[in-house]
Amino acid sequence: MNASLFAKGGRKTVTRGALARHPMPLLACCVVTFFALSNLPATAEDAPFPFQEEVVASIPKGSRPGQLFYAPVLPSPIRPGCFALDDKGYIYVPEVHDGIRIEKLDPKGEFIVTLALEGPRNWVRRIVVAATGAMYLVTHAPNSGGEVVNKYSAEGELLFQLGPKGILKGEELSQGYFRNPNAYHEEYFRSVTEILVNAQGHLVVWEGNKTPQKCYTFHPKGLLLGTSEALPSEIADRLEKHRARHDALNKWLWSPSSMREGDKMGISDFPGPDGHYYYMGYKLAGRYMGHKNQGKEVLGFEIRRVIFPEGSGSGPGAGPVEE
Amino acid sequence: MPRISNMKLRVILHLVVAACVAMPVARARLLYMDEIVVTCSKGTGPGELYYFLDMEGHPAPGYPRCFVIDAEARFYIPEVATYTGIRLHKFKPNGKFKVMWGLLASPGVRGGYRWDKEAEVHVPLFGTPLAVHALAVVSEGECYLALTRAGDPRTLVNKYSAEGRFLYHLGPKGVLTPQELTKESIQRATLFADIVRLAVTASGHLVVAESNTDGDMVYTFDSEGKLLEKRDALPPELAEQAHAHNAAYDKLAAAFQAEEKEPPPKSHTVLAPDGQLYYMVMVNLKYGAKLEIHRLTFSQQ
């Protein structure tokens, strides 16, 4: 045996030489360790989804009809951030890609048509569809921190745009109208937290983040019918009825343990026409890693239906709700 | 009463004579009024068209080849864009943009393009829509598109519902099955050779005028896609329309030639239900391009 091998420098030389000659076992160990660790629960709270859910619609990423363009970019200001179901169960998913586009799907999740709409090219924050098929979209107002509500016919024709005082027109909507984009302008809504159509077909716009909170009711033709500092009793009662389920679902979806499954979006305060809650999530190739997800391939979006267990106490906060 | 001098009287007389001489000349020139009704700029947004002419003036593959005007004077312009598939732009009677539909070319066929490294071009995958050749709109809002697909020299007709949902593919024998659209079926005559025109009769039947090597053929289908009739001439109702269109186009060609302008091809003209002739023209600008639809109103002369 060569004595020089036991010398300090010699041993180092041997180790380097062995690694250089046989790197595969070490690499294999590294790979196995990585996969083992990546399959471990992310947090101690990591738990299976506590409700029964099913995928209603799957929308792949892409720029063709029936696809969503901005799916590859995770939390992006222009990614699809909301969706709506009408009373027949049709699904509407808006996104901004060279103007507003709405992917319309039938209740089975099959693609029908893409509607590319006239009007603003700003992020769609909320969407609601009336029983008549008319669509109301909340978008950012031009050159302002405020928001406007855009009404489109069922066919997709822009009918009018609404501010807190009623129909907006002229320079209030001009993209070239110069002013401070960060300032609050009273002709626009400040922050719409909920938008819905009531039983009479009136549009209710709720500014919940404003102090004092304000609720506007509009006629379908855009006329302001009234304002109040509280939600109309009919809506407040309905909201209260569903609060337990909504809060339970919302809490779980936004908890750290759920983030591994994807970004949860579009949780409405009210269930869909069939009484179930729906949410939209990313369909990722691989495991969602919270903020480390950059570079993960996003295959598209999924609209999922959450089915609460029958009877009280069988799910977290999920008591029975009779409509 | 003011007196008019001889000099002034002569001037007035000369002016009257000059006006009388000039008017017939002016009237003779005013054979038609040409007004722009619809303008589309180049772009990918709603109401914008993706393809125009290339740098050498040749039309790009998916450029708008046709347009139609429905009974309520609304305009429909179809196109096929590389990355966005079939798009149908709708305009109101006043020429303002209404909505754009993104339509499914074929259910289950994702389509798209692959990059050919050697040729350095994007090659369309089989089944990707390439061009819309003809369009017909039913009064209820349903529409038919005649389109060609990558890898397939034949033409097929797609039917869409009033809300834009794909309903079925149509071939010369009726509704097509998915097997009749595969690569293996290309040699079989399950699709149309070359569709020159689509029209809908008053009874709601679709008429497909096909041009092939054996001569022209006209097929009539019911609203369910069932073949009703196959003949070598247009039905009398559409023959009359075609005759009126020919007469109007001849008038346009004569008027354009009188001004030493090149008339648009007949396939780019439409005789609207109100009897007015419309034509489509593409213009390459220094920066970008635009498409215009013009309305021609002929004077009584």
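This is a short tour of the contact between chains A and B, then a core and a sheet.

Before you click: this is a predicted model, so local features need pLDDT of at least 70 and side-chain atom pairs count only at pLDDT 80 or more, while totals for chains, interfaces and linings use all residues. Residues are numbered from 1 along each chain as its sequence is written, with chains lettered from A and ligands numbered from 1 in the order in which they are written.

**Stop 1: where the chains meet**

Show both chains. Here 19 residues of chain B are in contact with 17 residues of chain A (contact: C-beta atoms, placed from the backbone, within 7 Å). Now select 97–103 of chain B: this is strand S5, which gives the most to the side of chain B that touches chain A, with seven residues. Strands here are DSSP runs (E, at least two residues), numbered from the N terminus. Color that side of chain B by type and you get eight nonpolar, eight polar and three charged residues. Ala, Val, Leu, Ile, Met, Phe, Trp, Tyr, Cys and Pro count as nonpolar, Asp, Glu, Lys and Arg as charged, and the others, Gly among them, as polar.

**Stop 2: across to chain A**

Add 111–117 of chain A, which is S5(A); S5(B) pairs with this strand in the antiparallel sense over four bridges (pairing takes at least two DSSP bridges). Pick out two bridge partners: Leu115(A) with Trp101(B), and Ala116(A) with Met100(B). Seven of the seven residues of S5(A) are buried, so the strand is largely enclosed by the rest of the structure (buried: 20 or more other C-beta atoms within 10 Å of the residue's own, C-beta atoms being placed from the backbone).

Next, select 100–105 of chain A. This is S4(A), antiparallel to S5(A) over six bridges, and its Ile102(A) stands opposite Leu115(A). Five residues lie between the two strands of this hairpin, and Gly109(A) in the turn has a positive phi of about 90 degrees.

**Stop 3: a core residue**

Jump to Ala136(B). Along with Leu135(B) and Leu198(B), Ala136(B) has the most contacts inside the largest nonpolar core, a set of 126 residues. Beyond four places in sequence, its contacts include Val68(B), Tyr144(B) and Leu206(B).

**Stop 4: a sheet in chain A**

Finish with the open antiparallel sheet S11-S12-S13-S14 of chain A. S11 (194–197) and S14 (224–228) stand at the edges with a single partner strand each, so one side of each is left without a neighbour in the sheet. For a last close-up, select S13 (214–218), which pairs with S14(A) over four bridges; there, Tyr216(A) stands opposite Thr227(A).

Key
Contact = placed C-beta atoms within 7 Å. Buried ≥ 20, exposed ≤ 12 C-beta atoms within 10 Å, placed from the backbone. Core = buried A, V, L, I, M, F, W, Y, C linked by C-beta atoms within 7 Å.
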